[in-house]
Amino acid sequence: MLDADVQYFIELARHRSMAQAADDLAVSQSTLSRAIQRLEARFGVELVERTSRGVALTDAGNRLIARLESAVSHLQDAQHELLDIARGRRGMVRVAVGHTVSSPVVRALVPRLRKERPAANLVLDAWYNHQIIPKVMNAEYEFGVCVIPDSLPAGLQARTLLRDHLVPVVRKGHPLARQRSPVAAHLLEYPWVGAGRRVLSGPGLQALFVAAGVDPQVHAVVCSSLETAIDAVRSSDCLCFAPDWLVHENIGLGAGLSIVRVPGFALPRVLGILTRREGHLSPLTLRARELVVEALSAVEARLRARER
């Protein structure tokens with residue numbers, strides 16, 4: 001919907017490299033350079049400047065790209081809205097979900113939404129929490145379900161649904177599951193599985209060990225999903241961190257696990273739904289969000305009931 005020169009500028013701003021942007025656009029660097037020159041002539045200001053590392057945006061270029069990214073987001077919303085109108089109840093909803101909360105989201109959406117809207121298309125992708133925020137901001141997904149960070153970009157809003165803790169877990173029958181009054185040092189006697197510092201919770205989990213006066217755990221197995229980590233835990237003497245409610249529910253991923261209760265080893269989290277403040281939400285998306293709210297609120301209620 002945007003003219004070619006503007007699209008070329010957006011790609012250049014994203015890559016900050018003439019070569020990479022031209023490669024993605026499948027045009028020559030000279031074609032890309034001429035497009036930027038035409039755009040600069042149209043606005044009467046310089047938008048980019050070459051540096052030793054590639055291309056940098058000028059102040060005017062930064063202002064323009066901010067407006068263009070917002071415009072692209074609104075155009076995508078308009079396209080989705082018109083498609084919803086054209087398709088009636090069919091439509092599509094795209095949901096980005098954090099690995100550690102995917103289980104209840106899948107159970108909420110796949111059976112009920114499919115039954116209510118059999119012609120609808122559901123895209124459900126699992127990501128690390130820090131990856132979900134920019135993807136929702138860029139309208140790649142209608143909403144995200146993940147850990148809510150302390151601060152959010154101005155264009156996003158959050159609804160809190162669940163407060164949980166990441167705790168050390170092992171397979172049932174593991175020596176630590178039978179250990180009376182385990183301490184931090186016991187956790188280091190066995191290998192660990194996890195994503196390390198690549199995830200939002202990584203530094204916080206490392207800090208638990210430091211606060212207990214022991215060296216942080218070293219991951220013997222580094223993996224990219226909670227499902228993979230738990231499979232490794234179930235089939236070995238490894239440990240990993242997992243949400244406390246997942247073990248309490250004792251279904252799906254949480255089945256067959258035990259929490260190793262070490263004082264101070266519980267990382268609190270706040271989970272919920274992220275949406276864009278000005279984004280269009282179709283009736284199908286609103287229904288999907290309603291089902292997720294219902295499912296996570298039920299998990300929250302059961303978790304609070306266990307604490308009473």
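**Exercise 1. Strand pairing around β5**

In which sense do β3 and β5 pair, and over how many bridges? Work this out on the predicted model, and then follow the pairing outward to β11.

*Solution.* Begin with the two strands named in the task: β3 and β5 pair in the parallel sense, over 3 bridges. Next, look for a residue that represents this pairing, and V97 will serve, since its bridge partner in β5 is V145. Then turn to the pairing of β5 with β11, which is antiparallel and runs over 4 bridges; here V145 stands opposite I273 of β11. The last step concerns the surroundings of β5, which is mostly covered, 5 of its 5 residues being buried.

**Exercise 2. Helix α12 and its packing**

Determine how the end-to-end reach of α12 relates to the expected value, and find which elements its buried residues pack against.

*Solution.* Helix α12 covers residues 283-307, that is, 25 residues. From its first C-alpha to its last it reaches 36 Å, which is close to the 36 Å expected at 1.5 Å a residue. The second step is to list buried positions, and these include L284, R287, L291, V293, L296, V299 and L303. The third step is to ask what the buried residues of α12 touch: they pack against the strands β3 (92-98), β5 (143-147), β6 (156-171) and β11 (267-276), and also against the helices α5 (102-116) and α11 (244-249). The strands β3, β5 and β11 of the previous exercise are thus among the elements that the buried residues of α12 pack against.

**Exercise 3. An aromatic cluster**

Classify the ring pairs W192–F209 and F209–F241, and state which residues the ring pairs link into a cluster.

*Solution.* A pair of aromatic rings is described by the distance of the centres and the angle of the planes. The structure holds 4 aromatic pairs. In the pair of W192 and F209, the centres are 5.7 Å apart and the planes stand at 80°, an edge-to-face arrangement. Because W192 belongs to strand β7 (residues 192-194) and F209 to helix α9 (residues 202-211), this pair ties together parts that are 17 residues apart in sequence. Both W192 and F209 are buried.

For F209 and F241, the ring centres lie 6.4 Å apart and the planes meet at 85°, so this pair is edge-to-face. Since F241 lies in strand β9 (residues 240-243) and F209 in helix α9, the pair ties together parts that are 32 residues apart in sequence. As for burial, F209 has a relative accessible area of 0%, whereas F241, at 10% relative accessibility, also counts as buried. To finish, ring pairs link W192, F209, F241 and F265 into a cluster.

**Exercise 4. Salt bridges within a helix and between helices**

Examine the salt bridges E11–R14, R63–D59 and E116–R287, and establish for each where its partners lie and how accessible they are.

*Solution.* Side chains of opposite charge can pair when their charged atoms come close. A search of the whole structure finds 16 salt bridges. In the bridge of E11 and R14, the closest N and O atoms are 2.8 Å apart. These two residues are 3 residues apart in helix α1 (residues 4-15), and are therefore separated by about one helical turn. E11 counts as buried at 17% relative accessibility, while R14, at 52%, is exposed. E11 and R14 are also linked with D24 in a network of salt bridges.

The bridge of R63 with D59 has its closest N and O atoms 3.0 Å apart. Being 4 residues apart in helix α4 (residues 59-87), R63 and D59 are again separated by about one helical turn, and both are exposed.

The bridge of E116 with R287 has its closest N and O atoms 2.6 Å apart. This pair links distant parts of the chain, with E116 in helix α5 and R287 in helix α12, 171 residues apart. E116 is partly exposed, with a relative accessible area of 30%, whereas R287 is buried, with a relative accessible area of 16%.

Conventions. Residues numbered from 1 in each chain as written. Predicted model: local features only at pLDDT ≥ 70, side-chain atom pairs only at ≥ 80, totals over all residues. Heavy atoms only, no water. Expected span 1.5 Å × (residues − 1). Buried < 20%, exposed > 50% of the residue type's maximum accessible area, 1.4 Å probe, protein only. Contact = heavy atoms within 4.5 Å. Phe/Tyr/Trp six-rings, centres within 6.5 Å; stacked < 30°, edge-to-face > 60°. Pairing = 2+ DSSP bridges. Salt bridge = Lys/Arg side-chain N within 4 Å of Asp/Glu carboxyl O.
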